[in-house]
Amino acid sequence: MSDSSTRDSFHSRLGFVLAAAGAAIGLGNIWGFPTQAANNGGGAFLVVYLIVTVLLALPALYAEVTIGNQAQTNPVSALTKACGDKLSKLGHGAGIIGIIGALMMLSFYTIVAGWMLAHALAAVFELIGLQQISLWLSTSSTLRNLLFTPIFIVLSAAIVFQGVHSGIERWSARLMPLLLIMMLGLIIYMLQQEGAQAGLALYLVPDFSQITEPTLVISAMGQAFFSLAIGVGAMMAYGSYIPKGKGIGKLVLSITLLDTFIAFIAGLLIIPALFVAQHNGQTVFIDGNLVGGGQLIFSILPTLFNEMGTMGLVVSLLFFSLLSIAALTSTISTTEVPVAYLIEDKSMSRKQATYFTSGIVFIASLLVIIFFEPLFELVIQLLTTILQPLMSLFYFIVIGWLWQRGNKLTDLAELNNKTSLKLLGFYLRFICPVLLMIVFVNVAF
């Protein structure tokens, strides 16, 4: 295991926040959140989502980042150390499961990210008059997946290969502001279209009678929890790259606020866009449910953009480029999880670890592409409804019950001086596991 003093690291608090927020801000925020909101009461869903983010997702993120920060090593070694000598094998096994989860996520996420990149290029070819190429790029096919999935794997690897500061931190500092600027520009444009105000009203004016609907509450709990990329070790790895005692609570709060803000403004873009499409004659809702569910951005929105003429193609290019950037910041962080493990526990160079990880991801993605029908949805379900919540439950158990040595939450002298820590410790030990079990039981079963 490498000496923590020689480890690469983030060079600024802002760099860490942008990188960690980039890890959390992905397709789940910009694609998944608005879809869930539109399907579950709009404003009512937003209210419940914000409440659950504070009650459950924020503490879960704090637990994961804190374990990594205190251990100053990769997630496998961090959990091994945190569980102590008697339960070190349990911690090591959980860390390995987290790496498997990261690889599972990359196996399907790189495929979906490739779709975004293909649609962005489709707009470019349409603009320059090459309609046949544009049509091929915007039409789902195995060949398209085989071409664009490796492209995205290589893009992620190229950044991770450069290291934490030179690669992840530097590119996050470039990509995150660009993502925000593009999103705000698209929102301003979309809100000026006819029909957008109806979508805005659905999204921002909650019907409080729906807030107690069980399906709405469960959907909001699941979305709030999964949107912060908790449970696959990415946040633990990032937490290990900042020095101890740097105000982890404030950093985690900053990440959560930025992640939630992006999800919120994504709703300001997608939901009004759906109502613009509906105003233009497209069938968007049937019996109150979105047509095609999560696939709507590949059917309804491209049709809407095409109806807008040349400006619509520019909007399409910006929109799918935005989603590509969001996907890239997430795949970077997830790729770093196995890479950090291979560097520190298996004594590989960063170059070797990046190549090896990318090769494994390519093989896994290839299997999903070849056996798309049985595997794609299955891998997503296993990861998001079983592995992620169970891993996060384990983090709560570790930080609340198993982690004694050097843990401020169980240090009596520290607790006596800070009542807030005592309350936080109680909340993480007792309340969070119960809340998370409720989410797990309802989402998984």
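Reader: How many salt bridges does the count come to?
Author: In this predicted model, the count comes to one salt bridge.

Reader: Which residues form the salt bridge, and how far apart are the closest N and O atoms?
Author: Arginine 350 pairs with glutamate 336, and their closest N and O atoms are 3.0 Å apart. The pair links distant parts of the chain, with the two positions 14 residues apart in numbering: arginine 350 belongs to helix 15 (residues 350–370) and glutamate 336 to helix 14 (residues 310–345).

Reader: Are arginine 350 and glutamate 336 buried or exposed?
Author: Both arginine 350 and glutamate 336 are buried.

Reader: On charges in general, how many positive and negative side chains are there?
Author: The protein chain carries 19 positive and 19 negative side chains. The centres of these two sets are 17 Å apart.

Reader: Turning to the fold, how many helices and strands does the chain have?
Author: There are 18 helices and two strands in the protein chain.

Reader: Why does the radius of gyration agree with a compact globule?
Author: Because a compact globule of 445 residues would have a radius near 22 Å, and the protein chain has 22 Å. Along the principal axes, the C-alpha atoms fill a box of roughly 65 × 50 × 40 Å.

Reader: What share of the residues is buried, and what area is exposed?
Author: Buried residues account for 55% of the 445. The chain exposes about 18100 Å², of which carbon and sulfur atoms supply 67%.

Reader: And what share of the contacts joins residues 24 or more positions apart?
Author: Such residues account for 81% of the contacts with a separation of 6 or more.

Notes. Residues are numbered from 1 along each chain as its sequence is written. This is a predicted model: local features need pLDDT of at least 70, side-chain atom pairs count only at pLDDT 80 or more; totals for chains, interfaces and linings use all residues. Side-chain values use heavy atoms; hydrogens and water are left out. Helices (H or I, at least four residues) and strands (E, at least two) are DSSP runs, numbered from the N terminus. The radius of gyration is taken over C-alpha atoms; the globule rule is 2.2 Å times the number of residues to the power 0.38. Buried means under 20% relative accessible area, exposed over 50%, partly exposed in between (1.4 Å probe, protein chains only). Contact means heavy atoms within 4.5 Å. Accessible areas come from the Shrake-Rupley method with a 1.4 Å probe; for residues, only the protein chains shown count as cover. Lys and Arg count as positive and Asp and Glu as negative; His and the chain ends are not counted. The place of a charge is taken as NZ of Lys, CZ of Arg, CG of Asp or CD of Glu. A salt bridge is a side-chain nitrogen of Lys or Arg within 4 Å of a carboxyl oxygen of Asp or Glu.
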